[in-house]
4 protein chains.
Amino acid sequence: MYQTLQEECYEANMQLPKLGLVLFTFGNVSAVDRDRGVFAIKPSGVPYEQLQARDIIIVDYDAKVVAGSLRPSSDTKTHALLYKTWPGIGGIVHTHSTYAVAWAQAGLDIPIFGTTHADHTHQDIPCAPALTDEMIQGDYEHETGHQIFNCFGEKGLTYGEMEMVLLQNHGPFTWGKTAEKAVYNSAVLEELARMAYLTLQINPDTHRIKDTLRMKHYERKHGTNAYYGQGC
Amino acid sequence: MYQTLQEECYEANMQLPKLGLVLFTFGNVSAVDRDRGVFAIKPSGVPYEQLQARDIIIVDYDAKVVAGSLRPSSDTKTHALLYKTWPGIGGIVHTHSTYAVAWAQAGLDIPIFGTTHADHTHQDIPCAPALTDEMIQGDYEHETGHQIFNCFGEKGLTYGEMEMVLLQNHGPFTWGKTAEKAVYNSAVLEELARMAYLTLQINPDTHRIKDTLRMKHYERKHGTNAYYGQGC
Amino acid sequence: MYQTLQEECYEANMQLPKLGLVLFTFGNVSAVDRDRGVFAIKPSGVPYEQLQARDIIIVDYDAKVVAGSLRPSSDTKTHALLYKTWPGIGGIVHTHSTYAVAWAQAGLDIPIFGTTHADHTHQDIPCAPALTDEMIQGDYEHETGHQIFNCFGEKGLTYGEMEMVLLQNHGPFTWGKTAEKAVYNSAVLEELARMAYLTLQINPDTHRIKDTLRMKHYERKHGTNAYYGQGC
Amino acid sequence: MYQTLQEECYEANMQLPKLGLVLFTFGNVSAVDRDRGVFAIKPSGVPYEQLQARDIIIVDYDAKVVAGSLRPSSDTKTHALLYKTWPGIGGIVHTHSTYAVAWAQAGLDIPIFGTTHADHTHQDIPCAPALTDEMIQGDYEHETGHQIFNCFGEKGLTYGEMEMVLLQNHGPFTWGKTAEKAVYNSAVLEELARMAYLTLQINPDTHRIKDTLRMKHYERKHGTNAYYGQGC
């Protein structure tokens, strides 16, 4: 009944180890079916080499299991709240990829230093502050979603222009129009995190990319007159 | 007679090169059989590509060879003392994995900066001081075990909650309920060491993860109400 | 009609992921046919695993498409101007390889610290300043070529002796007598960037290689009495 | 006539790319036949993927070609002088491996920080100063050998206890009783260089390993009562 959605979610999950973004089970991908109001997500703690498409769990936007016999990812409530609140996203990824985690642990936004970054988003990649004690001791994974919204609200970011975020002392979440695009964004984030790290090691006084160059690259790929790619 | 134990030990050893944790012969894994009071360990200096299950040596808790024609790992006495003293462990791993060794050489505990760390243990990963001259010139590998106990005693750590340690100027030992889990812990330690390294390069003033978040992540995976994984 | 040129360009493009120089579609290679006055270039935004030789686009030195149904790389005008201006080059590569980008983002020339560098060129690898706002808002990719010429003019470099450049806040371009050689240069640049990075981390006061050693290594490979290689 | 020697040399050369120690042709291995007074060495500038055992060149201790139609490595005279002067070595390796080059470019000895290092040698790995202008402009590759001897003489090192050296602004040479052991030493050196680099990044004030621990590890592997390995 949910086989296509399960397979999409499975394929996207299996990209994580191929792209070097996860060690053991440190990550999960979900894919949504907007028509049915459910999403598919990786079961908790199942190694990628054992994972099968039929193991993928189906849950609704309140994180209630609709189909599947395994326990869904422990981060399911965060995924659920993001799907519920942001109607335009089709997939979500959470990883503990090394360089993104390092920035998250350092508690810093990733500054926009170059066109590799500007090709994907025109702002620093935000690091949402650690949740308050109340949020952590309450409905933690649900509140994690709220903390992302808090961060985006304060910085005036939209989920369409910024498809990635760091949670302080934790790690990254990314999303996109499809689960495949969300995985793509996870790999891009890891590379941007690595490049920014190296840049500051070489020159701690590096300035951000100038505005004209920043917007030129963003617009040539994402603007109304975009000419990158095949226009499809 | 010890074929099952040898094969468990062999399989665990062969994970080390696959996980990128050893160069040449710089590591060893042992697996214990509590019923018979013996453990299986890699022979000393045998390359992984030549290793066979039947080469695995069987020794008792005093490090005396019970079965096998090759010389056991030069670190056998350390393994023996850990098995003798800590009844709950089923496997032990020693490697010279790069980032863990770097922290050991720097002589510093690995600070707990994030949830990747807290998912596995709720304390800094301790670096036991180098052995005294007397210990080194005495029964060195046996004393290495005692130095681990000294360190755990001073810091009030238990082997169940902290399944990894660094020896100053040397490298890591890890353990677990099974040899497979001990290998898993070696890979986790290497990744935590790498993440902590990068974190301090980005922000030398990084604070440890806050207590609520630290314990939340530890408890959701290891506490009485744990809900990570499939509960088995 | 352009099948040989397309295949040469295709083969060179496929080397980029093999050499670890590109993530997803972050790079492109072109190969020129001097007799016909056209060059072949990768189509924009097509993943390497889907790329086929017949997808390669043929364009002239004014970046007008001569053959092919897909849109050529968004960087085509930069390639075109380099081919038009520098008659001796046969191939061009643009990547966002990690360490080269880090130096470009830091806005610094890569200092010539050793013989690995001097085996390939006898000068620092230049970082051309970011384009002016007018250049960016004008014919950006065409002006990128001019900015490379500006940089080479100011530093007195020739394209024969220096086959690589960084664009500030962007990344590297390399070229060579063939597309294959240009790809080789991209990999060499990435390694030189990494070595120089590590060198300065170890010793921030490192001096450049002394002149005699610098020119000895350059001349033994590229001078009139060169004796490196098989002389063909 | 030299087929066995050529094959030994070929096999050892092919280990370099497998161990990640060379990019393109940046390295060479030689293997000596002491009975005949000749050694086999890689031809200059031949890519590893094209190299065949029959391409390997045979030269004498004065670097004169005895057999083979290709030009030998441009570093042949350095190999020749080392074989001529040090009767106990059976193989030599030169690479431009990344971390070893970084230390060479930084112009610093690699400090002995841990047991991984002490398992292989009990001293810092020396960095020989750059050759004088006279040496560089004279018989450069021959003088490179002399510079290694100068360095070992000044530091009181023997080639049996220290099987590796860095040349300032250049890179590493290693040797051993066989070509295979020399390759092993190249990989060990690269790992020690990386570990020492990371150690100083974590703690710039790191002290060298204490003497007792240093000699304990060296002796347990190399001393008269060594008990590491299988004693063969």
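**View 1. The contact between chain C and chain A draws on 34 residues of chain C and 35 residues of chain A.** The model shown here is predicted. Put together, chain C and chain A bury about 3000 Å² between them, and 57% of that buried area lies on carbon and sulfur atoms. The size of an interface is often expressed in this way, as the accessible area that is lost when the parts come together.

**View 2. Salt bridges and polar contacts link chain C with chain A across their interface.** Three salt bridges are counted between chain C and chain A. In one salt bridge, the side chain of Arg220(A) meets that of Glu141(C), with a distance of 2.6 Å from N to O. Across the interface of chain C and chain A, 23 residue pairs are found in polar contact, with both residues of each pair at pLDDT 80 or more.

**View 3. On the side of chain C that touches chain A, four helices of chain C each give two or more residues.** These elements are helix H3 (98–106), helix H5 (133–137), helix H6 (140–155) and helix H7 (179–202) of chain C. The largest share of this side of chain C comes from H3(C), which provides seven residues. Sorted by character, the residues on the side of chain C that touches chain A comprise 17 nonpolar, 13 polar and four charged ones.

**View 4. Chain C is superposed on chain A by a rotation of 90 degrees, with 0.0 Å of shift along the axis and an RMSD of 0.0 Å.** Within chain C, the C-alpha nearest this axis belongs to Gln201(C), at 5.5 Å from the axis. The copies use different surfaces, and 6% of the contact residues of chain C recur in chain A.

**View 5. A turn of 90 degrees, with a shift of 0.0 Å along the axis, lays chain D on chain B with an RMSD of 0.0 Å.** This is the relation of a four-fold axis. Among the residues of chain D, Gln201(D) comes closest to the rotation axis, its C-alpha being 5.5 Å away. Here too the copies use different surfaces, for 6% of the contact residues of chain D recur in chain B. As a general matter, two copies of a chain are related by a rotation about an axis together with a shift along it.

Terms used:
Residues numbered from 1 in each chain as written. Chains lettered and ligands numbered in written order. Predicted model: local features only at pLDDT ≥ 70, side-chain atom pairs only at ≥ 80, totals over all residues. Heavy atoms only, no water. Least-squares fit on C-alpha atoms with pLDDT ≥ 70 in both. Contact = heavy atoms within 4.5 Å. Buried area = accessible area lost by both parts, 1.4 Å probe. Salt bridge = Lys/Arg side-chain N within 4 Å of Asp/Glu carboxyl O. Polar contact = N/O pair within 3.5 Å; in protein donor to acceptor, adjacent residues only side chain to side chain. Nonpolar A, V, L, I, M, F, W, Y, C, P; charged D, E, K, R; others polar.
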